[in-house]
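I opened this model to look things up and keep short notes. The entries follow in the order I made them.

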Amino acid sequence: MLNRYLGQIGQDRTVVKFLLNHYGIIEPGESERFTINQIMTTGSVQVPLPFQNGVIERVIFEQESVIFGLLEHSFRLWMFQDTITSAVRGATKAFTSNEMDSLVSYIDIRNGVDFPPPNDSWFWGEQSVPYANMLQKNVNVPFIINSEYPVLHIVQEYTGSVVRLGDSEIFCTLIIKRD
Amino acid sequence: MEFYTGKTGQDRVLRAFDFGTLDTAAYAANDILTSGAISIDAARFLGFSGVVERIILKETTSGTLQAPAIRLWFFGSAITPAARNSPQAFTSSQFDILVGYADITAADWITGGTGVAIAQITPNLIYNCQATSKTLYMVPELKAAGETFASGATIKGQIVLRRD
């Protein structure tokens with residue numbers, strides 16, 4: 001009998017997975033390069049959510065590449081209620097005051113810090129093609145999206161000094177507890 | 001079944017607030033930042049309780065960002081703090097209704113672009129309004145000396161409350 005009520009009068013959880021980014025190759029042999037505070041995403045990535053209120057409890061990142069040399073890298077994930085038009089891939093972040101009004105939260109992924117032991121933030125997966133690694137982090141991001149069709153608008157900012165990222169995709173999974 | 005949320009359990013609300021006009025004269029450490037306390041609709045019924053889960057501050061300016069260290073005092077009923085740009089001087093009776101405080105350090109501030117910065121904290125501050133109040137009253141106190149805000153500079157914010 002109790003099980004009928006879980007997730008109905010109480011809270012439940014759901015999982016949202018999306019493609020956060022596809023790091024490119026500028027030209028053969030040259031990977032896309034980012035320096036500190038540069039925007040990594042093309043504009044803001046729109047992530048529809050199944051509900052308006054809740055808490056993001058955990059994030060998981062997976063990175064896949066067909067070439068060896070995936071790099072552990074530090075970045076900040078900005079989450080907004082509205083579209084962020086100031087975000088230009090490869091340009092230094094320049095959020096406006098109005099855009100900041102819709103800020104939901106930011107999450108820092110710090111290579112060598114988020115997971116002990118240091119420098120082991122990203123865990124390598126199986127050593128086959130495509131190469132893959134992943135990172136998980138518990139977070140606590142309460143959110144309220146003031147829209148009937150709630151969407152998170154996510155911008156990724158590079159927070160290390162400089163990095164070159166080969167042709168690879170990075171996926172993000174959010175584990176969300178619904179109010 | 002969503003209509004049960006907040007009736008049989010807790011709910012979560014987002015409130016916006018504004019520190020109002022900031023003094024352009026230099027503040028000293030421990031000065032009150034605003035003119036009066038800032039009221040925040042925080043409880044569903046008189047005397048109810050909840051948790052301050054998240055606070056986001058946003059500073060905007062056409063001058064130099066101050067990114068100030070701030071102590072946010074919360075009271076469970078209305079109080080009248082010291083005047084803006086005057087030393088904090090809470091009375092014994094005011095402290096009787098103190099809910100708690102949350103600190104924002106200078107290091108919490110992150111520049112978002114030219115003339116805009118944000119600070120985000122997760123205080124998880126449990127509160128209980130006074131029996132005659134559904135409102136929290138927030139008083140910001142500067143913790144660092146020499147902060148000088150440009151004319152037109154603002155500090156606004158959002159607060160996420162989980163209400164019982």
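**Entry 1: strand pairing in chain A**

I started with strand β1 (residues 12–23) of chain A, which is joined to β12(A) by 11 bridges, the two running antiparallel. This is a predicted model, so I read every value as computed from it. I then picked out one pair: A:Tyr23 has A:Ser168 as its bridge partner in β12(A).

Next I looked up β5(A). It is joined to β12(A) by 11 bridges, and these strands also run antiparallel. Here I noted A:Glu62, whose bridge partner in β12(A) is A:Phe171. My sketch therefore has β12(A) bridged to β1(A) and to β5(A).

Is strand β12 of chain A mostly covered or mostly open? I checked its span, residues 168–178, and found it mostly covered, with 8 of its 11 residues buried.

**Entry 2: where chain A meets chain B**

I turned to the interface. How many residues does each chain bring to the contact? I noted 27 from chain A and 25 from chain B.

I wanted a figure for the size as well. Interface size is often given as the accessible area lost when the parts come together. Between chain A and chain B, the buried area is about 2,100 Å². Carbon and sulfur atoms give 54% of that area.

Then I went through the polar side. The rule finds 1 salt bridge across the interface of chain A and chain B. I located the salt bridge between the side chains of B:Lys58 and A:Asp101, at 2.5 Å, N to O. I also logged 11 residue pairs in polar contact across this interface, both residues at pLDDT 80 or more.

Which elements give two or more residues to the chain A side? I listed β5 (53–65), β6 (75–80), α2 (97–100), β7 (103–109) and β9 (131–144) of chain A. The largest share of that side comes from β9(A), with 5 residues. By residue class, I recorded 13 nonpolar, 9 polar and 5 charged on the side of chain A that touches chain B. I marked β5(A) twice: it is on this list, and it is bridged to β12(A).

**Entry 3: one residue in chain B**

Last, I looked up B:Gln94. It is placed in helix α1 (residues 92–95) of chain B. Is B:Gln94 buried or exposed? It counts as buried because its relative accessibility is 12%, and the cut-off for buried is under 20%.

I then checked what B:Gln94 touches, leaving aside neighbours within four places in sequence. Its contacts are B:Phe75, B:Ile79, B:Thr80, B:Pro81 and B:Ala89.

Terms used: Residues are numbered from 1 along each chain as its sequence is written. Chains are lettered from A and ligands numbered from 1 in the order in which they are written. This is a predicted model: local features need pLDDT of at least 70, side-chain atom pairs count only at pLDDT 80 or more; totals for chains, interfaces and linings use all residues. Side-chain values use heavy atoms; hydrogens and water are left out. Contact means heavy atoms within 4.5 Å. Buried area is the accessible area (1.4 Å probe) that two parts lose on being put together, summed over both. A salt bridge is a side-chain nitrogen of Lys or Arg within 4 Å of a carboxyl oxygen of Asp or Glu. A polar contact is a pair of N or O atoms within 3.5 Å; within protein, one must be able to donate a hydrogen and the other to accept it, and residues adjacent in sequence count only if both atoms are side-chain atoms. Helices (H or I, at least four residues) and strands (E, at least two) are DSSP runs, numbered from the N terminus. Ala, Val, Leu, Ile, Met, Phe, Trp, Tyr, Cys and Pro count as nonpolar, Asp, Glu, Lys and Arg as charged, and the others, Gly among them, as polar. Buried means under 20% relative accessible area, exposed over 50%, partly exposed in between (1.4 Å probe, protein chains only). Two strands pair if DSSP finds at least two bridges between them.
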